[in-house]
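Here is a short briefing to read alongside the structure. Have the viewer open, and look up each residue as you go.

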Amino acid sequence: MDRRDRLIARARQGYRLAYGVEPTRFVAAPGRVNLIGEHVDYNDGFVLPCAIDREAIIAFGPADKNAKNPTLDAVALDMGDMASARDSFELTGAIRPGQNNWQNHVRGVVHALGRYGHQLRPMRMAIAGDVPIGAGLSSSAAFGVALALACSEYSGLGLGPEMLAKVAQIAENDFVGCACGIMDQMASAASVAGHALLLDCRTLEHLPIPIHRGLRITVIDTGLRRSLTESAFNERRAECEAAAKALGVAALRDCDAAMLDAARDSLEPVLYCRALHVVTEMGRVEPVAVALATGDTRMLADLMREAHLSLSTNFDVSLPPIDRLARLVGEALEDAGGVRLTGAGFGGCLVAVSTKDATAAIDDAVARYNADADLPARADMFSPVSGAAPIALG
Ligand code: GLA
């Protein structure tokens with residue numbers, strides 16, 4: 001049984017145990033790793049994530065025929081035992097927040113669909129996933145996009161990738177309390193296998209960029225965990241918005257290096273640093289897309305080193321152990337690939353894009369780091385996969 005078959009079996013069994021009948025259908029939505037363009041999405045710029053072979057799977061089917069009111073019943077198989085990790089709420093009237101995060105993802109998706117005028121048929125679902133939680137690999141976006149797709153499929157809404165992404169983002173913004181941008185949800189909804197997704201976060205136009213076949217994507221999990229909602233993520237977003245306002249632009253997307261330099265003395269130093277990260281990071285996205293397509297690992301090494309440094313110093317979202325690991329891996333790779341912090345930061349993962357042969361050097365560097373680290377890091381190779389889709393069972 002492969003990884004996905006095991007997840008499907010788990011969702012199917014969970015559904016059966018929770019509701020006493022077989023589910024009728026399944027959908028899946030992947031997590032993502034961002035290759036470049038960090039903390040750029042909510043500034044309306046370009047980003048370059050790719051979907052990875054870790055995902056959320058939802059088994060679903062009709063509601064209990066004897067239920068008095070139209071409800072949505074959900075069981076989240078990774079969030080506790082079968083009795084505690086359940087939710088049930090009425091689909092008519094205003095949707096109210098639940099007691100915890102995962103319930104609010106489900107309720108938030110139904111609320112967001114309502115905002116677009118979509119009414120759902122009563123349904124039941126069981127959710128299972130293998131995207132590591134809190135690692136910066138978008139377990140939340142995978143969850144939200146899978147939920148939106150399950151609802152769309154079951155109620156025949158026919159939502160396309162952009163709408164699935166928007167619905168999942170609204171759920172997080174309005175019900176989960178995270179002011180995230182649209183990158184993770186778009187990567188989960190719209191990615192193409194073997195490609196990264198060059199996404200314009202202002203227009204949502206996107207272009208799949210082929211990943212050169214000599215390259216490998218390695219994600220190095222530091223084991224350090226964060227919670228997006230509680231972290232300084234919302235604060236960083238607010239700082240970027242304050243910088244854009246002070247610069248007189250709608251978003252930092254509309255600011256370039258010369259404009260920022262001219263305003264240096266009038267901007268609060270912390271806002272200047274945040275804007276400097278965003279403006280320089282935006283300049284790295286297209287060159288990384290080119291390097292990814294052509295397999296130019298020297299270029300990847302330089303650009304990803306600069307990106308990490310900027311996240312650590314100007315945007316202040318790294319931690320000393322993460323900087324140390326990035327340095328060790330970067331030194332081991334030399335020109336054979338690049339490495340940097342990926343995702344929101346404050347913990348989580350590094351991503352390395354390197355030649356296939358260089359993966360042994362990454363493992364050696366991680367072993368050297370682990371020899372003195374409080375928490376061991378772990379490297380895994382991921383494949384770039386397609387975005388969310390119904391699962392056709394043979
Ligand atoms: C989190 C958010 C995204 C994005 C990244 C940082 O993953 O959900 O919208 O802002 O952080 O690039």
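Domain bounds here come from an automatic or database domain assignment. On that basis, this predicted model has a chain with domain 1 at 3–207 + 386–390 and domain 2 at 211–382. The C-alpha centres of domain 1 and domain 2 lie 26 Å apart.

**Where the two domains meet**

- How many residues does the contact take from domain 1 and from domain 2? Domain 1 gives 39 residues and domain 2 gives 43 residues.
- The size of an interface is often given as the accessible area lost when the parts come together.
- For domain 1 and domain 2, the area buried between them is about 3,300 Å², and 63% of it is on carbon and sulfur atoms.

**Polar links across the domains**

- Between domain 1 and domain 2 there are 20 residue pairs in polar contact, counting pairs with both residues at pLDDT 80 or more.
- Which strands each supply at least two residues of the side of domain 1 that touches domain 2? They are strand 1 (25–36), strand 2 (46–62) and strand 6 (195–200).
- Strand 2 provides the largest share of that side of domain 1, with seven residues.
- The count of salt bridges between domain 1 and domain 2 is three.
- If you would like a salt bridge to find in the viewer, try R202 and D254, whose side chains meet at 2.8 Å, N to O.

**Salt bridges in the model**

- The salt-bridge count comes to 28.
- One pair to look up is R3 with E55, where the side chains meet in a salt bridge at 3.1 Å, N to O.
- What does this pair tie together? R3 lies in helix 1 (residues 3–19) and E55 lies in strand 2, so the pair links parts that are 52 residues apart in sequence.

**An open sheet of four strands**

- In what order do the four strands of the open sheet run? The order is 9-10-8-11, and the pairing is antiparallel.
- Strand 9 (337–342) and strand 11 (378–382) are the edge strands, and each pairs on one side only.
- From one strand to the next, the twist averages 25 degrees.
- Strand 8 (residues 215–221) pairs with strand 11 over five bridges, in the antiparallel sense.
- To find that pairing in the viewer, start at T218, whose bridge partner in strand 11 is M381.

Key. Residues are numbered from 1 along each chain as its sequence is written. This is a predicted model: local features need pLDDT of at least 70, side-chain atom pairs count only at pLDDT 80 or more; totals for chains, interfaces and linings use all residues. Side-chain values use heavy atoms; hydrogens and water are left out. Two strands pair if DSSP finds at least two bridges between them. Axes are lines fitted to C-alpha atoms, for helices over the stretch in contact, and angles run from 0 to 180 degrees between N-to-C directions. Contact means heavy atoms within 4.5 Å. Buried area is the accessible area (1.4 Å probe) that two parts lose on being put together, summed over both. A salt bridge is a side-chain nitrogen of Lys or Arg within 4 Å of a carboxyl oxygen of Asp or Glu. A polar contact is a pair of N or O atoms within 3.5 Å; within protein, one must be able to donate a hydrogen and the other to accept it, and residues adjacent in sequence count only if both atoms are side-chain atoms.
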